Amino acid sequence: MKWLLFVFFLMSMSILFGQKTRKGVHLEPGVSLALAEERAARISELEYDLFFNLPDSAHQPIPAEVALRFQLSQKAPLQLDFREKPDHLKSVRVQGKSIQADFREGHLVIPAKYLRKGLNEIAVEFTAGNLSLNRNEDYLYTLLVPDRASTVFPCFDQPDLKARYILELEMPSGWEASANGALEEERAVNGRKRLRFRATKPFSTYVFAFAAGQFQKRTQSRAGREMIMYYRETDEEKVARNAGVIFDLHAQAIAWLEEYTQVPFPFDKLDFVLLPGFQYGGMEHIGNIFYREGSLFLDETATENQKLGRARLIAHETAHMWFGDMVTMKWFNDVWLKEVFANFFAAKAVNPSFPKINHDLSFLLAHQPTAYSEDRSGGSHPIQQPLENLREAGSLYGGIIYQKAPVVMRQLEALMGEEAFRKGIQEYLKTFAYNNATWDDLVGILDTYSEEDLQGWSRVWVKEPGMPKIRTEWHAGPSGSLEKLALVQEKKAPSGAHWVQSTVVALAYPDTIVRIPVRLEADVTEVVAAKGLPCPLAVLSNASSMSYGYFRLDSISLAYGLRQFASIGDPLLRGAAWLALYEELVRGRVAPDAFLQSVLDALPRETEPLNRQNLLGYLGTAFWHYLKPAQRANAASGIESLLWDLLAKAQDLSGRSAYFSALTSLSVTPESVTRLKAIWDGSAPVPGLPLSETQKISLAAELALHLPGEAEAILARQLERTQNPDRRKRLEFIRPALSPDPAVRDTFFDSLKNPANRATEPWVVDGASYLNHPLRAGTALKYIRPSLELLEEIQRTGDIFFPRQFITAVLSGHQSEEAAEIVRNFLRDHPEFPYRLRNKVLMAADLLLKE
């Protein structure tokens with residue numbers, strides 16, 4: 001009897017665990033580090049030959065085929081990744097022989113008996129998965145970062161199994177297509193179009209891409225390189241105004257990177273596809289960069305910040321051709337490495353294109369504010385994060401990777417010296433060309449060019465979380481001059497080590513500023529060069545574009561800053577000063593009304609466009625987040641009056657656009673809203689400020705929020721006069737979120753629980769923002785907890801930035817303690833909530849939880 005019970009026990013265990021382990025093959029969802037390492041040790045010389053038959057309708061399946069050819073060093077069962085339902089798999093052939101596939105847990109297991117040492121070929125017929133195909137009625141595009149290639153076709157979906165790709169597409173005859181490889185052949189097949197693209201150089205699965213559909217295209221050449229731009233924008237005047245600049249910026253970025261790296265452009269061609277509603281600003285697909293259309297096709301009223309942002313975006317994605325595409329991280333725990341280089345070198349590469357821009361100021365404002373917003377929060381994490389399985393890789397992305405890491409890299413360059421750093425980077429690229437590398441591989445190379453302890457420096461800045469907190473202490477001696485000026489590092493890294501960095505201390509005097517370079521590497525760093533100088537009016541310790549941390553203002557400097565920071569002559573110092581002052585607001589050392597008044601006093605005097613835009617951002621945050629509703633009502637008229645006055649006096653289009661945008665988002669009084677409506681309906685246009693269709697749609701949305709009785713008529717009129725079909729679809733999507741009827745808004749929110757209704761993620765983010773607008777915060781409290789409960793599913797079904805963007809959109813309109821308590825209760829009630837998602841929530845809720 002005991003023997004029978006034991007047999008039944010074994011049988012039950014077999015049934016229970018059979019899905020995970022069968023015939024010695026361990027299976028789990030996603031790609032674990034162990035699986036990735038095992039495959040990388042066995043597979044080489046990989047090639048994919050792919051075919052997709054794209055139907056006329058977005059609702060029809062996509063028949064597809066793939067042939068994988070590779071060298072295998074050891075016979076053992078082999079897992080391919082294919083995250084689709086069993087009915088999507090049609091047939092599998094190994095070495096030309098049909099086999100019955102073992103298909104479970106998102107993997108296709110090929111038994112060892114069908115494999116051989118040396119050359120192997122696996123051919124699979126399948127139906128392509130839709131999750132990452134972004135299908136619309138008349139176009140589609142792939143987006144496979146970080147681990148989504150296996151949702152479309154069977155593959156080895158890990159970054160260190162690089163492969164050559166041959167792609168063939170069949171599609172409706174009126175469609176165009178762009179892919180990683182150059183077009184080799186086009187022919188007609190049964191009234192349809194068939195394109196074959198040449199074999200590429202080796203690259204990772206996450207940058208495989210194609211776009212196909214009803215696109216227009218323009219071809220231009222720069223320095224002998226032909227490039228093609230694919231787009232859907234119907235405003236040909238806007239296209240003509242922007243196209244030449246877009247081609248120029250790509251060519252300039254390529255030229256700068258080739259000169260800096262001494263490595264020629266590493267791939268066979270460079271085209272770009274501009275997509276409405278694209279999830280990111282851009283994505284660095286090999287030879288085939290995808291962009292959000294609105295990021296490159298700027299309105300006539302674009303500000304200097306927007307133009308600079310476009311240039312930086314193009315340089316960022318172009319830099320990826322070297323950093324990320326040619327040399328790729330071995331595992332996604334080093335995903336930050338490709339992003340830091342792209343942002344770091346983008347900031348350098350745009351300099352020649354914008355000779356009038358203060359590039360140190362531009363770097364400061366593009367990086368530290370966003371990085372601080374995450375690094376000061378309860379969700380702070382190291383730049384390099386551990387990663388057990390690629391299915392979690394999407395949660396690694398954020399401001400600490402994109403904005404903090406470039407500041408750290410600038411510190412590293414300063415630590416080594418520019419030329420030594422450059423030589424190290426050149427050696428790194430040549431050593432690992434078309435291969436994979438780790439951060440430690442790079443540090444090992446850089447170490448040979450420096451006498452500094454780069455390993456120790458790396459452990460603190462790259463592998464530990466948080467940001468330094470630095471206090472300034474100074475006092476006068478008997479003579480009245482400075483007896484001592486010191487910087488105290490109050491907060492050190494978790495290991496107890498110091499964040500070693502270079503900064504500049506600025507001493508403010510009535511008629512001058514004295515700057516003293518300082519290297520921080522101890523608990524207390526005395527600024528010896530300051531001893532004996534007259535006592536300053538204020539001390540600013542973050543007076544450098546690469547200073548990083550909370551540089552606490554002493555009480556004298558804080559009081560002076562509220563009155564006089566606007567009078568600092570140097571634009572970079574003004575930008576750094578306002579950054580320091582804003583951090584004091586966030587940390588509760590400055591009253592919101594005092595900060596707001598300082599900003600209002602500064603705006604009429606600010607002549608630097610980058611600082612002006614930054615001040616307008618601070619104005620919006622102070623108004624909507626820090627002022628209570630009654631305070632907003634009291635302050636609104638004065639703020640609006642100032643902005644209307646500045647709009648009227650602005651001498652340049654960029655300035656007029658910046659002030660008008662601020663008025664659109666900040667106007668609440670009937671008088672100001674009425675003036676905006678007259679601009680929208682054309683009865684009282686602003687002289688010298690033409691409004692694009694996109695701007696009119698944004699203005700109509702704001703008017704719908706402020707004029708609930710007229711909302712439906714305003715939105716109906718805007719839909720009627722919107723010509724571009726993609727913009728019309730977006731407005732139709734967000735329209736329920738703008739409804740004055742709470743029941744309609746509730747229905748819209750409930751619809752977002754269906755993944756199909758979240759397909760165009762930027763539209764969802766916009767809709768969530770309107771649902772939770774500060775004017776509706778009281779009625780929107782009910783959306784917070786369900787939104788938090790939805791996050792895990794959003795992470796599974798959405799793209800990498802979507803979870804953070806979505807929860808930020810939900811929380812950003814709230815400032816009440818009741819809203820904060822909902823977030824706290826949710827996190828307390830869900831102790832097992834994925835810690836990376838928890839970090840995203842804490843980052844998004846940072847200002848809310850600091851109330």
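The exercises below work through a predicted model of one protein chain, each with a solution in steps.

Residues are numbered from 1 along each chain as its sequence is written. In this predicted model local features need pLDDT of at least 70 and side-chain atom pairs count only at pLDDT 80 or more, while totals for chains, interfaces and linings use all residues, and side-chain values use heavy atoms, with hydrogens and water left out.

**Exercise 1. The chain as a whole**

Task: Find what radius of gyration the protein chain has, and set it beside the value for a compact globule.

Solution: Begin with confidence, for which pLDDT is the predictor's score for each residue, from 0 to 100. The protein chain averages a pLDDT of 95, and 97% of the residues score at least 70. Over residues 1-21, however, the pLDDT is below 50, and this stretch has 13 contacts in the model beyond near neighbours in sequence, a contact being heavy atoms within 4.5 Å.

Next, take the radius of gyration, which is computed over C-alpha atoms, the globule rule being 2.2 Å times the number of residues to the power 0.38. For 851 residues a compact globule would come near 29 Å, and the protein chain, at 28 Å, agrees with this. The C-alpha trace spans about 90 × 75 × 65 Å along its principal axes.

Finally, count the elements: the protein chain has 29 helices and 30 strands, where helices (H or I, at least four residues) and strands (E, at least two) are DSSP runs numbered from the N terminus. Among contacts between residues at least 6 apart in sequence, 72% join residues at least 24 apart.

**Exercise 2. The nonpolar cores**

Task: Determine how many residues the largest nonpolar core has, and which of them have the most contacts inside it.

Solution: Start with burial, where buried means under 20% relative accessible area, exposed over 50%, and partly exposed in between (1.4 Å probe, protein chains only). Buried residues make up 60% of the 851 residues.

A nonpolar core is then a set of buried Ala, Val, Leu, Ile, Met, Phe, Trp, Tyr and Cys residues joined through side-chain atoms within 4.5 Å. The largest such core has 236 residues, and Tyr48, Phe52, Phe153 and Phe341 have the most contacts inside it. A second, separate core of 46 residues includes Leu731, Ala737, Val765 and Ile784. In soluble globular proteins, nonpolar side chains tend to be buried together.

**Exercise 3. A phenylalanine in a loop**

Task: Decide whether Phe208 is buried or exposed, and list residues that Phe208 touches.

Solution: Phe208 lies in the loop between strand S15 (192-197) and strand S16 (210-213). Because its relative accessible area is 1%, Phe208 is buried. Leaving out residues up to four places away in sequence, Phe208 touches ten residues' worth of surroundings that include Leu50, Phe52, Phe153 and His285. Along the chain Phe208 and Ile286 are 78 residues apart, and their C-alpha atoms are separated by 7.2 Å.

**Exercise 4. Two buried residues with polar contacts**

Task: Find which side chain joins that of Glu374 in a polar contact, and what the side chain of Thr328 reaches.

Solution: A polar contact is a pair of N or O atoms within 3.5 Å; within protein, one must be able to donate a hydrogen and the other to accept it, and residues adjacent in sequence count only if both atoms are side-chain atoms. Glu374 lies in helix H7 (residues 359-375) and is buried, with a relative accessible area of 6%. Its side chain and that of Arg804 are joined by a polar contact of 2.5 Å.

Thr328, in strand S22 (residues 327-329), counts as buried at 1% relative accessibility. The side chain of Thr328 reaches the backbone oxygen of Gly324 at 2.7 Å.

**Exercise 5. One face of a helix**

Task: Explain why the buried residues of helix H22 line one face of the helix.

Solution: In helix H22 (residues 742-751), the buried residues are Arg745, Phe748 and Phe749. Seen down the axis of H22, they fall within an arc of 100°, so they line one face of the helix; the arc is that of the directions from the helix axis to the C-beta atoms. Their cover includes helix H21 (725-734), helix H23 (761-771), helix H24 (777-780) and helix H25 (784-797). At the start of H22, a side-chain oxygen of Asp741 comes to within 2.9 Å of the backbone nitrogen of Ala743.
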